[in-house]
Amino acid sequence: MRTDICVVGAGPAGLMAAIGAAGERTETSLLEANPNSGCKLLTTGGGRCNFTHAATIDELVRAYGKSGRFLRHSLHELPPEDVRAFFAQRGVSSAIEPDGCVFPRTGRATDIREALVREAETLGVRTRCASRVTQIVACDRGFQVDTQAQSVVARCVVITTGGLSWPQTGSTGDGYRFAAALGHAVTEPRPALVPLITRESWPADLAGVSLKGVRLRARIGGRKVTASGHLVFAYDGIGGSAAQDLSRALTDSLTEQNSSIPIHLDLAPEVGETVLDEQLQNEIAGHRKKTLVNIIATFLPKRLAVTLCHLAGGAADQPVNQVRKQTRRRLVALIKATPLVVTGTRPIAEATVTRGGVTLDQIDRRTMESKVRPGLYFAGEVIDADGPCGGYNLQMCFATGLLAGRSAARSSSSS
Ligand SMILES: Cc1cc2nc3c(=O)[nH]c(=O)nc-3n(C[C@H](O)[C@H](O)[C@H](O)COP(=O)(O)OP(=O)(O)OC[C@H]3O[C@@H](n4cnc5c(N)ncnc54)[C@H](O)[C@@H]3O)c2cc1C
């Protein structure tokens, strides 16, 4: 089979790349290993799909960190407001939550997937599901893309096979292999946005306890890093958006053997230590017959209150009128900065996204075309770019996907 553009992998980046290419009136094929497109998309945002983040391009660039500068061009091609407009024009209106996260109003990830699949169909994209690509080789007409059942010869190829996280959704790292075989350097994939493993065993006693609006702090190479959001205790550490966002800053240091990074958990970031101490004293003065744990439990979940009392060296069931000033002060200090030592992360298969991938200095940021192999393009999680929790990763996939698809189409029709 012959085609102008062959897109490999029908996740959010691949579907958008195919839409971008076919929208330029170019013959486009999309090959997907799974029986259906966009499997991972259905799991996003807990099934609600946080598909972009309401922010300016400068804010987005800052949020992506090291890869931000590279992504600027694609973000201009498809900024968050255009992503929202794209879906709204296809019947999926969205709502912005107070923290900037954007979800479809229906709260259904499937609506996002269906809108992409329908648009690709409308534009005439030839989608072949259950077609796992086994190799991509350069040939005199461009590239030969082999699946077990057929070979596709294309002038341009867009690789959008994702990373290594959640491999059960199809992202098994094939794109890294294809990129390497075609002369690209691939930065070692590591887990990002992933739960953290702690040295302390007390989080296990609290497994399942979930908190909103906490802040985590760490120091990496002399630089202070913080992450805010929700946190959930697990049998071997901490998860939730705050822990996952912090993992982005920690993951590179944690790959070294025997590494351990001290962090602090602020359970009440909205109030300073002095105010918190006053609040605690007022609570104690008003309820002198209560136990220490019941006083702390007016601020925090009871199981966590028990643990904090133990960590502060106080007896949880002690009447508060017998609690020493020193213990109260220690409790306040713990609420503001519970110490934990991070010794690792959960495996990449459990990470929300993959850090690492096809190195950015071999990709032209204005087109997403390979600088090593003209006619070859990359988009989405397969490249060495990742963002924090909050819709940044899908935003990056849509923007780089559209730019890659359109650029491939323009280059194919001019050759
Ligand atoms: C649980 C979970 C929740 C998430 N929630 C959010 C969220 O709310 N907001 C957000 O912004 N991000 C979220 N993410 C991250 C986001 O889903 C990913 O960044 C995004 O899906 C990556 O898109 P992609 O198209 O690059 O890759 P993928 O979505 O991984 O798609 C790659 C596709 O390529 C196919 N493929 C792979 N190899 C081959 C091959 N050899 N031949 C043919 N096809 C192949 C795969 O089957 C797959 O369909 C979440 C991730 C997870 C795991």
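**Exercise 1.** In this predicted model, work out which residues come nearest to the ligand, of the 41 around it.

*Solution.* Start with the closest approach: Gly 9, Gly 11, Gly 162, Gly 170 and Gly 380 come nearest, out of the 41 residues around the ligand. Next, sort the shell by class: you get 16 nonpolar, 20 polar and five charged residues. Glycine goes into the polar bin here. Finally, look at the helices: α1 (12-22), α2 (39-43) and α14 each put at least two residues into the shell.

**Exercise 2.** Find how α4 is oriented relative to α14, and list the residues that meet.

*Solution.* First get the geometry: the axes of α4 (residues 68-77) and α14 come within 8 Å and cross at roughly 80 degrees. Angles of 65 to 115 degrees count as roughly perpendicular, so α4 is roughly perpendicular to α14. Now the contacts: α4 brings Leu 71, Ser 74, Leu 75 and Glu 77, while α14 answers with Met 396, Ala 399, Thr 400, Leu 402 and Leu 403. Binning the residues of this contact gives six nonpolar, two polar and one charged.

**Exercise 3.** Identify the members of the largest nonpolar core that touch the most other members, then see which helix gives the most to it.

*Solution.* The core holds 73 residues, and Ala 18, Val 145, Val 157, Val 158, Tyr 377 and Phe 378 touch the most other members. Helix α14 (residues 392-414) gives the most, with eleven residues. Zoom in on Ala 18: skipping residues up to four places away in sequence, its contacts are Val 7, Thr 28, Leu 30, Ala 120, Val 125 and Gly 405. Don't forget the second, separate core of 35 residues, with Ala 227, Ala 243, Leu 246 and Leu 280 among them.

Technical notes: Residues numbered from 1 in each chain as written. Predicted model: local features only at pLDDT ≥ 70, side-chain atom pairs only at ≥ 80, totals over all residues. Core = buried A, V, L, I, M, F, W, Y, C linked by C-beta atoms within 7 Å. Buried ≥ 20, exposed ≤ 12 C-beta atoms within 10 Å, placed from the backbone. Helix = DSSP H or I, 4+ residues; strand = E, 2+ residues; numbered from the N terminus. Contact = placed C-beta atoms within 7 Å. Axes fitted to C-alpha atoms, helices over the stretch in contact; angles between N-to-C directions. Parallel < 35°, antiparallel > 145°, perpendicular 65-115°, else oblique. Near = placed C-beta within 6 Å.
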